[in-house]
Amino acid sequence: MRLIGILRSPYVRRTAVSLNVMGIPFELDAVPVFDKPERVTPHNPLTRVPALVLDDGEALIDSSVILDYLDEIAGPEKRLVSERGAERRHVLKLTTVALGAVDKAVWSAYEYRFRPAEIVHKPWVRHNDAQVVAGFTYLDAIAAKLGENEWMAGTQRMSQADITTAVGFTFAQIVRPNLGLAEKAPNVARFAARCEALGPFKAAAIPS
Ligand SMILES: N[C@@H](CCC(=O)N[C@@H](CS)C(=O)NCC(=O)O)C(=O)O
């Protein structure tokens, strides 16, 4: 299978890290979507990444949909969101908080990236940034209680909540450095550093 998109995208990266954790081989096709949209559109009518092109040519789009498919093919021992029950709901809730914080960091960052400086709407940036901080503060209270080998949603092994939290935090720190996230969410910072030191994360490191 071929994963289209660059690892600087948190959506692409959480997919790549998940593939690594599950031990599913893939080829990364590092297409920068804004520079080469023509490489993405044939696989996604919205021209967004990630897209995952399967060996038979079928293209899956949107990281959450791709991860759902990967959980399906990985089987019960390797899936990153439990199949049912309270554990599934808890993993999905924490994943959604982390992903929402990522979305909001993207929205703030895009405001500066795509608008001329004189029409950046600061109240909107502040609104989004507050949600980034709120999301990671919520996760911080959970990370504060974790032992060295414990996981965010209390699962026996790493779940999607861990991957999205760590990938999301690393990304948010890069694109919103002025938010002081390491000080506001020190336990998530420590947890993200722990995850980033693991092989599946290092194998999908953000190129410098
Ligand atoms: N909900 C989507 C978000 C994907 C997304 O926004 N990707 C960005 C790259 S970080 C993108 O393709 N942006 C291009 C655009 O929206 O025009 C997912 O989880 O995959």
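The expected span of a helix is 1.5 Å times one less than its number of residues. Keep that in mind for helix α2 of this predicted model: with 12 residues, 63-74, α2 reaches 16 Å from its first C-alpha to its last, close to the 16 Å expected.

**Helix α2 and its ends**

Now look at which residues of α2 are tucked away. Ser63, Ile66, Leu67, Leu70, Asp71 and Ala74 are buried. They cover an arc of only 140° around the axis, so they sit on the same side of α2. What covers these buried residues includes two helices, α1 (10-22) and α5 (160-175), along with the strands β3 (51-53) and β4 (59-61).

The N-terminal end of α2 has a cap: a side-chain oxygen of aspartate 62 lies 3.0 Å from the backbone nitrogen of serine 64. Past the other end, α2 is followed by glycine 75, which has a positive phi near 85°.

**The sheet**

Next up is an open sheet of 4 strands in the order β2-β1-β3-β4, and its pairing is mixed. β2 (27-29) and β4 are the edge strands, each with a single partner, so one side of each has no neighbour in the sheet. From one strand to the next, the twist averages 25°.

Take β3 and β4 as a pair: they run antiparallel and are joined by 3 bridges. Here alanine 51 stands opposite isoleucine 61 in β4.

Two helices lie across these strands. α1 lies across β1 (2-4) and β2, running at about 160° to β1. α2 lies across β3 and β4, and its angle to β4 is about 120°.

**Backbone oddities**

Most residues other than glycine have a negative phi, and most peptide bonds are trans. A few spots in this model are worth checking against that.

| Site | Backbone value | Place |
|---|---|---|
| Threonine 47 | phi near 55° | loop between β2 and β3 |
| Valine 49 to proline 50 | cis, omega near 10° | proline 50 in the loop between β2 and β3 |
| Aspartate 62 | phi about 80° | loop between β4 and α2 |

Are the two non-glycine residues with positive phi buried, partly exposed or exposed? Buried means under 20% relative accessible area and exposed means over 50%. Threonine 47 has 23% relative accessibility, so it counts as partly exposed. Aspartate 62, at 41%, therefore counts as partly exposed too. Aspartate 62 is also the residue that caps α2, so one residue combines the cap with a positive phi and partial exposure.

Definitions and conventions: Residues numbered from 1 in each chain as written. Predicted model: local features only at pLDDT ≥ 70, side-chain atom pairs only at ≥ 80, totals over all residues. Heavy atoms only, no water. Buried < 20%, exposed > 50% of the residue type's maximum accessible area, 1.4 Å probe, protein only. Arc of directions from axis to C-beta. Contact = heavy atoms within 4.5 Å. Polar contact = N/O pair within 3.5 Å; in protein donor to acceptor, adjacent residues only side chain to side chain. Pairing = 2+ DSSP bridges. Axes fitted to C-alpha atoms, helices over the stretch in contact; angles between N-to-C directions.
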